[in-house]
2 protein chains.
Amino acid sequence: MDHPLDQATRITPMADHRWQGTTQAAYANMVGPFGGITCAVLLHAALQHPQRAGDPIALTVNFAGPVADGAFEVEARPLRTNRSTQHWSLMLTQDGVPCASASAVFAQRRPTWGAPESRPPAGMPAPDALPMAPSEGRPAWVRCYDMRFAPGEEAFGLDGHEQAHSESRLWVRDAPPRPLDFVALAALADSFFPRVFVRRRRVAPIGTITLSTYFHADAAMLAAQGDRHLLGTARAQVFRDGYHDQSATLWSHDGHLLASAHQMVYYRD
Amino acid sequence: MDHPLDQATRITPMADHRWQGTTQAAYANMVGPFGGITCAVLLHAALQHPQRAGDPIALTVNFAGPVADGAFEVEARPLRTNRSTQHWSLMLTQDGVPCASASAVFAQRRPTWGAPESRPPAGMPAPDALPMAPSEGRPAWVRCYDMRFAPGEEAFGLDGHEQAHSESRLWVRDAPPRPLDFVALAALADSFFPRVFVRRRRVAPIGTITLSTYFHADAAMLAAQGDRHLLGTARAQVFRDGYHDQSATLWSHDGHLLASAHQMVYYRD
């Protein structure tokens, strides 16, 4: 049987540049599907488009409104294809109403000088040495990820005592395990809990407004990661008047930055 | 006479959701206009649209191809307007060809619990105590900004000796000075030199592929900043196979984060 991620991102052609899909209960969030699965569906449409050229470099998804459980349509349209880059316009609609509008840039990568600059967090025990974070009482999508937080950290506390920071470090991979590819990475980039939960140690109504994911690896690097855990970090810079930012990194098992992601999150008191 | 930024972002209506503008020599880059002015033009179209609701929270611009000197058209179309957010589709074309496709999210901000998390860089001397960075030999747009780098730092060296990092700290404002608003801030968010120049201490062919700017302040906070220098930081996380990321922050004179920006940059050896 297909992996739940493949079921949730399956789309069938309707017309040029248009596909149909159906939300899956496995990836349900509080209201509608987990935002990461929406990102994965949109990127998948471009990846399997007959005019696709190259691998994803960037994906930006703006969450325009709730996605209802059930059928949706996806449009993926190449706006402009250059010698080394391709620009995409993407949209997820229900009954003609935009639920998510998105864009992607694909590119042909070529070997050049390169260098890491950020380092992965030091001192993380191996995933096997850490407990899997519990998913009881959480939305269904949380059970689609195996998360193992740094010692002394947790997904987020619930005692309402505000912390001085919202940083988290964890190992994360699909559950059940699945070999890494761009579709899975696009969803993983949104698997970090909203920083306002972490900072305030309590749950509140939130919604991601916009998410940009940058892919720093080609398909071969993702394949080399296989189904091992990725090392993730997330933090915020500022919470103000109902909106906070959030930046995340996802590292390979051997310390290469595979993706970084940035978002703005709406929150209520 | 109008400020050069206002001249370069001036657009005149053509039809519903469509305007015309003209590139200005003051903001010329190596090829075509400075990317920041393209961001400013696109945001300006949404800001002065009769259906606008709220202030900008996020702007993503994908640079699909070069903009030629001369006339351009801008389309700004509200995709969906909710109770507190408004989603925009934006495009800059020349002769019907997409040069930049973009999206923006506007929102009505409401007072909530808030907190800073990142801190502005410590130990920066006042702008008046630092020399203005020279602009000789640089593209015209550099003269549109008054940049004052941290002591011992410089825009970027030219000796080709690779540095261990690409971080920069500087004071920056429009030149001549201009009161801060969202249009100016959208351009300032792209005023940081490409990190590959800083890291490698040499100039090479580059191009921003995509840029997302997050606005953390409302119009009143921007007005309170006036025409004073903003404190900026920029850094990269990884350079690999022709693409590097870049993250920047822009702080008010009194230490509030006004905007953060993230981009992917194409580079050649």
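## Strand S14 and the aromatic contacts

Of the 11 residues in strand S14 (residues 257-267) of chain A, 10 are buried, so the strand is largely enclosed by the rest of the structure. Keep in mind that this is a predicted model. Below is a quick tour of that strand's partners, a domain from the UniProt record, and the aromatic rings, which make 24 pairs over all chains.

**S14 and its neighbours**

- S14(A) pairs with strand S10 (residues 206-215) of chain A in the antiparallel sense, over nine bridges.
- In that part of the picture, Phe215(A) stands opposite Ala259(A) of S14(A).
- Strand S13 (residues 243-251) of chain A also pairs with S14(A), again antiparallel and over nine bridges.
- If you want a register marker, His244(A) has Val265(A) in S14(A) as its bridge partner.
- The hairpin of S13(A) and S14(A) has five residues between the strands, and Gly255(A) there takes a positive phi near 90°.
- As for where the side chains go, they alternate between the two faces of the sheet in a regular strand.

**The annotated domain**

- An unreviewed UniProt entry puts "domain: Acyl-CoA thioesterase-like N-terminal HotDog" at residues 29-107 of chain A.
- In the model, residues 29-107 of chain A are 52% strand and 16% helix, and their end C-alpha atoms lie 32 Å apart.

**Aromatic pairs**

- The structure has 24 aromatic pairs over all chains. One of them is Trp88(A) with Phe106(A), a tilted pair at 5.8 Å centre to centre with 50° between the planes.
- That pair links distant parts of the chain, 18 residues apart: Trp88(A) belongs to strand S5 (residues 85-94) of chain A and Phe106(A) to strand S6 (residues 97-107) of chain A. Both Trp88(A) and Phe106(A) are buried.
- Trp113(A) and Tyr267(B) have ring centres 6.1 Å apart and planes at 65°, so this pair is edge-to-face.
- The pair joins two chains, because Trp113(A) lies in the loop between S6 and strand S7 (115-116) of chain A while Tyr267(B) lies in strand S14 (residues 257-267) of chain B.
- Trp113(A) counts as buried at 15% relative accessibility, and Tyr267(B) is buried with a relative accessible area of 1%.

**A cluster, and charges over rings**

- Phe34(A), Trp141(A), Tyr145(A), Phe156(A), Phe193(A) and Phe197(A) make up one aromatic cluster.
- Phe156(A) also has company from a charge: the charged end of Arg138(A) sits over its ring, 4.4 Å from the centre.
- Over in chain B, Arg138(B) lies over the face of Phe193(B), 5.5 Å from the ring centre.

Notes: Residues are numbered from 1 along each chain as its sequence is written. Chains are lettered from A and ligands numbered from 1 in the order in which they are written. This is a predicted model: local features need pLDDT of at least 70, side-chain atom pairs count only at pLDDT 80 or more; totals for chains, interfaces and linings use all residues. Side-chain values use heavy atoms; hydrogens and water are left out. Buried means under 20% relative accessible area, exposed over 50%, partly exposed in between (1.4 Å probe, protein chains only). Helices (H or I, at least four residues) and strands (E, at least two) are DSSP runs, numbered from the N terminus. Two strands pair if DSSP finds at least two bridges between them. UniProt positions are given in the numbering used here, feature names are shortened, and annotations may be inferred rather than shown by experiment. Rings of Phe, Tyr and Trp (its six-membered ring) pair if their centres lie within 6.5 Å; planes under 30 degrees apart count as stacked, over 60 as edge-to-face and the rest as tilted. A charge sits over a ring if NZ of Lys or CZ of Arg is within 6 Å of the ring centre and within 35 degrees of the ring normal.
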